[in-house]
Amino acid sequence: MRILVTGGAGYIGGAVAAVLAADGHDVEVLDDLSTGHADAVAADVPHHRLPLRRVEEVLDPTFGAVVHLAARSLVGESMEHPERYWHGNIVETLALIDAMRAAGVPRLVFSSTAAVYGDAGSEPLVEDTPTRPTNPYGASKLAIDHMLTAEARAHGLAAVSLRYFNVAGAHGHLGERHDPETHLIPNLLTAAQQHRSGDDYQPARIFGTDYPTRDGTAVRDYIHVSDLAEAHVLALEHARPGTHEILNLGTGTGTTVREVVEAVREVTETDLAAEEAPRRAGDPPVLVASGARAERLLGWVPRLGVRAMIADAWAARTAVGSESRPDA
């Protein structure tokens, strides 16, 4: 199948494009490199360096599907500049949907997010958990979910929304390279690299140690980026005309911040310092998803645990082979 991957030069998009190509699909990437990296796109994969709003210049009836990952995704920025998220996520995705309808492209897999649930206050989260986004980023993704439901009903689109939780790890050499970097594991690995080289570094900060969890720190559900990419392949195979499926990609269990810090110490063989800090406003104690529906409908089961995510990400950073990667 000929597939367009929007945002295919990003961290997750690069992994998804690679897995789709390895599965035998004819993959092309649309990414303007505003946040992506050209070297995340394989040399033999056509790369359209265009903004999403110009996607109609690329799509034609020979495409069988779009995997849509291009988006603005910084919660803090969305609070300060919500207009960027209305335009960059909602308006540009509408342009994509219009272009797909005009070209007769029948399938779409959409990168949604756990942020649509907001502070849901229940665990594990299921697809029927009420959606109460607390920031414009989550609200923009939820709006797109509503758009896809209506498009499937009115025009027969076969659509699947995959709601991500915490994605980590590396797919081969494709690791996280966000700017700014806001995620726990890559920031810990940066500190570990600096510590090993003898440089000054910012100790790991543990925001909140008085949560009602097993060690007092927040619990999050982590998914390896390779497992996440595989879910997109399965979602494309499952998509049915006139239907919009919404699926959480989670493990049903979680890892505390302290457990992540300790795993980074073990994998990197560093005595990484950590300092306690007050809770951050809006951080829920637990954010864990049930993946039962994805397993039932797609046959998707995550294979790789947090230690494997850290080991793969560390290997990608230090150019060390990961043949001995642990599975949990």
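**Helix packing and the parallel sheet**

The crossing between helices H7 and H9 is right-handed. In this predicted model, the axes of H7 and H9 (residues 306-318) lie 10 Å apart, and the two helices pack at an angle of about 45°. An angle of that size falls outside the ranges for roughly parallel, roughly perpendicular and roughly antiparallel packing, so H7 is oblique to H9. On the H7 side, the contact is built from Val260, Ala263, Val264, Glu266, Val267 and Thr268, while H9 contributes Arg307, Ile310, Ala311 and Trp314. Sorted by class, the residues of this contact comprise 7 nonpolar, 1 polar and 2 charged.

H7 (residues 257-268) also has a second helix to consider, namely H5 (residues 184-196): the axes of H5 and H7 come within 10 Å and cross at roughly 40°. H5 is therefore oblique to H7. The handedness of this crossing is right-handed. From H5, the residues Leu184, Ile185, Leu188, Leu189, Ala192 and Arg196 take part, and they meet Val257, Val260, Val261, Val264 and Thr268 of H7. The make-up of this contact of H5 with H7 is 9 nonpolar residues, 1 polar and 1 charged. Readers following H7 in the structure will find Val260, Val264 and Thr268 listed in the contact with H5 and again in the contact with H9.

Attention now turns to the sheet. Its 7 strands form an open arrangement with parallel pairing, in the order E3-E2-E1-E4-E5-E6-E11. Which strands form the edges? They are E3 (47-48) and E11 (244-248), each of which pairs on one side only. Further in, E1 is joined to E2 (residues 26-30) by 5 bridges, and these two strands run parallel. Within that pairing, Leu4 stands opposite Glu28 of E2. Helix H3 packs on this sheet, where it touches E4 and E5, and the direction of H3 makes about 175° with that of E4.

Strand E4 is a handy place to look at the sheet in detail. On one side of E4, its neighbour E1 (residues 2-6) pairs with it in the parallel sense over 4 bridges, and Thr6 stands opposite His68 of E4. E4 is also joined to E5 (residues 107-113) by 4 bridges, again in parallel, with Leu108 of E5 as the bridge partner of Val66. In a regular strand, side chains alternate between the two faces of the sheet. In E4 (residues 65-68), Ala65 and Val67 lie on one side and Val66 and His68 on the other, and all of them are buried, which leaves both faces covered.

Two individual residues round out the picture. Is Ser111, a residue of strand E5, buried or exposed? Ser111 counts as buried because its relative accessibility is 7%, against a cut-off of under 20%. Apart from neighbours within four places in sequence, Ser111 is in contact with His68, Leu69, Lys141, Leu162 and Tyr164. His68 in this list is the E4 residue that stands opposite Thr6.

The other residue is Glu92, which belongs to helix H3 (residues 82-103). Glu92 has a relative accessible area of 16% and is therefore buried. When neighbours within four places in sequence are set aside, the contacts of Glu92 are with Leu52, Arg53 and His87.

Notes:
Residues are numbered from 1 along each chain as its sequence is written. This is a predicted model: local features need pLDDT of at least 70, side-chain atom pairs count only at pLDDT 80 or more; totals for chains, interfaces and linings use all residues. Side-chain values use heavy atoms; hydrogens and water are left out. Buried means under 20% relative accessible area, exposed over 50%, partly exposed in between (1.4 Å probe, protein chains only). Contact means heavy atoms within 4.5 Å. Two strands pair if DSSP finds at least two bridges between them. Axes are lines fitted to C-alpha atoms, for helices over the stretch in contact, and angles run from 0 to 180 degrees between N-to-C directions. Angles under 35 degrees count as roughly parallel, over 145 as roughly antiparallel, 65 to 115 as roughly perpendicular and the rest as oblique. A crossing is left-handed if the near helix is turned anticlockwise from the far one by less than a right angle, and right-handed if clockwise. Ala, Val, Leu, Ile, Met, Phe, Trp, Tyr, Cys and Pro count as nonpolar, Asp, Glu, Lys and Arg as charged, and the others, Gly among them, as polar.
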